[in-house]
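Here is a friendly walk through one protein chain, taken a region at a time. Please keep the viewer open as you read.

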Amino acid sequence: MSFEEQPTRSRTKKKKRTGRVVLLSILSLVVIAALVAGGYAWNLGRTFNDNSQKLENAFPAEETRPEVKKESENALNILLLGSDTRAQRESDEQNDDFATLPNGGRSDTMMLVHIPSDRSGVFVTSIMRDTWLDLPGIGEAKINRAFANGGVAKAVETLEGLFGVRIDHVASVDFEGFKGLTDAVGGVTINNPIAFRPVHNKSFYFPEGVQKLNGEEALAFVRERKAFPGSDYQRVKNQQLFVKALLGQILSKDTLTNPVKIQNVVSEFAPFVAVDDTLDSGKVVEIASSMFNVSSGDMEFFTLPNKGPGRSADGQSIVIPDMDTINKFGEALQNDTVDEFVASTDLSQ
């Protein structure tokens with residue numbers, strides 16, 4: 001690889017690290033799991049099937065895919081994509097490498113969800129869009145170039161080659177889902193660490209401290225990046241902050257014991273989801289049922305190990321992957337020992 005490493009930013013280690021829009025997809029599993037015993041899964045499944053979209057040609061050619069080791073044959077790996085269909089984008093994003101998804105959005109976020117064979121928890125790895133990798137048939141480039149050149153299937157092929165494991169399912173979630181989902185649960189309370197006014201929507205202002213966001217406010221909060229010196233880094237932190245609060249709201253007793261509110265949550269969520277052909281409501285219920293005892297405390301979130309920002313030989317701003325640690329992570333995925341990897345590795349970013 002050819003790049004110049006820039007000084008890494010100071011980071012605060014957290015025991016639990018939360019992800020970005022990926023949790024919208026995880027929430028569908030958690031919520032349905034909580035309702036299986038109550039007999040609501042059938043209606044929710046119909047809502048999911050009737051309103052969600054399909055990702056066509058989500059997987060690469062069979063001959064390019066890795067073999068599944070016996071140790072991990074019952075584990076699940078799900079690639080989750082975050083997208084944004086908003087018409088007005090920051091000017092510096094116009095030339096970024098995005099793939100157009102069924103909902104009209106472009107890929108902005110990638111996360112790998114690993115569910116171990118024993119269904120004892122969930123491990124979510126976020127992959128920054130500027131991560132510099134060797135892309136099959138393309139060469140060294142940002143991971144988003146895989147989308148631009150070959151769509152979802154090329155991204156799947158890239159990650160399967162990087163980790164040495166198969167991706168079983170793919171789902172895409174639109175940022176717009178934040179708005180309806182936030183209103184469906186009655187708003188989300190956050191503790192904002194940095195006061196800011198969005199550059200492209202100055203009608204909003206988010207003071208420092210505790211505040212409750214409605215859907216429109218939530219959408220503005222999770223989208224903003226140009227108001228911060230750290231740009232994408234602070235946006236990621238804000239999205240993590242918001243989604244953690246949203247998860248807590250959805251998993252609260254007030255929500256899970258209210259069938260009407262749950263139906264509203266799934267109804268608001270489904271239109272902003274696109275999934276591969278095999279990930280239908282029956283599969284979601286099957287996965288969720290096997291994870292009935294998994295709580296939010298059993299979910300571990302971290303960013304794909306990297307060495308911080310840098311520059312490629314041709315001057316692009318990139319994220320430099322920590323390949324030594326990534327290779328160990330791949331081995332853990334192959335052997336279904338991700339819990340041991342997480343326990344023994346400093347994954348603070």
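## Helix α4 and its partner

Let us begin with helix α4, whose buried residues are Gly-177, Phe-178, Gly-180, Leu-181, Thr-182 and Ala-184. Please keep in mind that this is a predicted model. How much of α4 is covered? Of its 8 residues, 6 are buried, so the rest of the structure largely encloses this helix. Gly-186 comes after α4 and has a positive phi, near 85°.

Which helix packs against α4, and at what angle? The partner is α5 (residues 215–223), with about 140° between the two helices and 7 Å between their axes. That makes α4 oblique to α5, because the roughly antiparallel class takes in angles over 145 degrees. The crossing of these two helices is right-handed. At the interface, α4 contributes Phe-178, Lys-179, Thr-182 and Asp-183, and these meet Gly-215, Glu-216, Ala-218, Leu-219 and Val-222 of α5. Two of the α4 residues in this meeting, Phe-178 and Thr-182, also belong to the buried set of the helix. A general point helps when reading such a list: an α-helix has 3.6 residues a turn, so residues three or four places apart point the same way.

## The chain as a whole

Stepping back, the chain contains 11 helices and 14 strands. It has 349 residues, and 54% of them are buried. Taking contacts between residues at least 6 apart in sequence, 73% link residues at least 24 apart.

## The β13–β14 hairpin and Lys-142

Now turn to strand β13, which spans residues 306–312 and has 5 of its 7 residues buried. Its pairing with strand β14 (residues 317–321) is antiparallel and runs over 4 bridges. One place to look is Gly-310, whose bridge partner in β14 is Ile-318. The two strands form a hairpin with 4 residues between them. In that turn, Gly-315 has a positive phi of about 90°.

Lys-142 meets this region from strand β7 (residues 139–142). Is this lysine buried or exposed? Lys-142 counts as buried, because its relative accessibility is 14% and the cut-off for buried is under 20%. A polar atom of its side chain lies 3.2 Å from the backbone oxygen of Ser-317. Beyond four places in sequence, Lys-142 touches Gln-316, Ser-317 and Ile-318, as well as Arg-129, Asp-130, Thr-131, Trp-132 and Leu-135. Ile-318 is thus worth finding twice: it is a contact of Lys-142 and the bridge partner of Gly-310.

## His-114, Pro-116 and Asp-336

His-114 sits in strand β4. With a relative accessibility of 1%, His-114 counts as buried. Which side chains make polar contacts with the side chain of His-114? One is that of Asn-77, at 2.8 Å, and another is that of Asp-336, at 3.4 Å. Leaving out neighbours within four places in sequence, the contacts of His-114 include Ala-75, Leu-76, Gly-121, Val-122, Phe-123, Leu-333 and Val-338.

Pro-116 is in the loop between β4 (106–115) and β5 (122–127). This proline is buried too, with a relative accessible area of 7%. Beyond four places in sequence, Pro-116 is in contact with Ala-75, Gly-121, Phe-123 and Asp-336, and each of these residues is also listed among the contacts of His-114. Pro-116 and Asn-335 are 219 residues apart along the chain, yet their C-alpha atoms are separated by 9.9 Å.

Asp-336 itself lies in the loop between α10 (323–335) and α11 (338–344). At 16% relative accessibility, Asp-336 counts as buried. Although Asp-336 is not a glycine, its phi is positive, about 60°.

## A second non-glycine with positive phi

Asn-57 is not a glycine either, and it has a positive phi of about 50°. Where is Asn-57 placed? Look in the loop between β2 (53–54) and β3 (76–84). Asn-57 counts as exposed, because its relative accessibility is 66%, whereas Asp-336 counts as buried.

Notes
Residues numbered from 1 in each chain as written. Predicted model: local features only at pLDDT ≥ 70, side-chain atom pairs only at ≥ 80, totals over all residues. Heavy atoms only, no water. Buried < 20%, exposed > 50% of the residue type's maximum accessible area, 1.4 Å probe, protein only. Pairing = 2+ DSSP bridges. Polar contact = N/O pair within 3.5 Å; in protein donor to acceptor, adjacent residues only side chain to side chain. Contact = heavy atoms within 4.5 Å. Axes fitted to C-alpha atoms, helices over the stretch in contact; angles between N-to-C directions. Parallel < 35°, antiparallel > 145°, perpendicular 65-115°, else oblique. Left-handed = near helix turned anticlockwise from the far one by under 90°.
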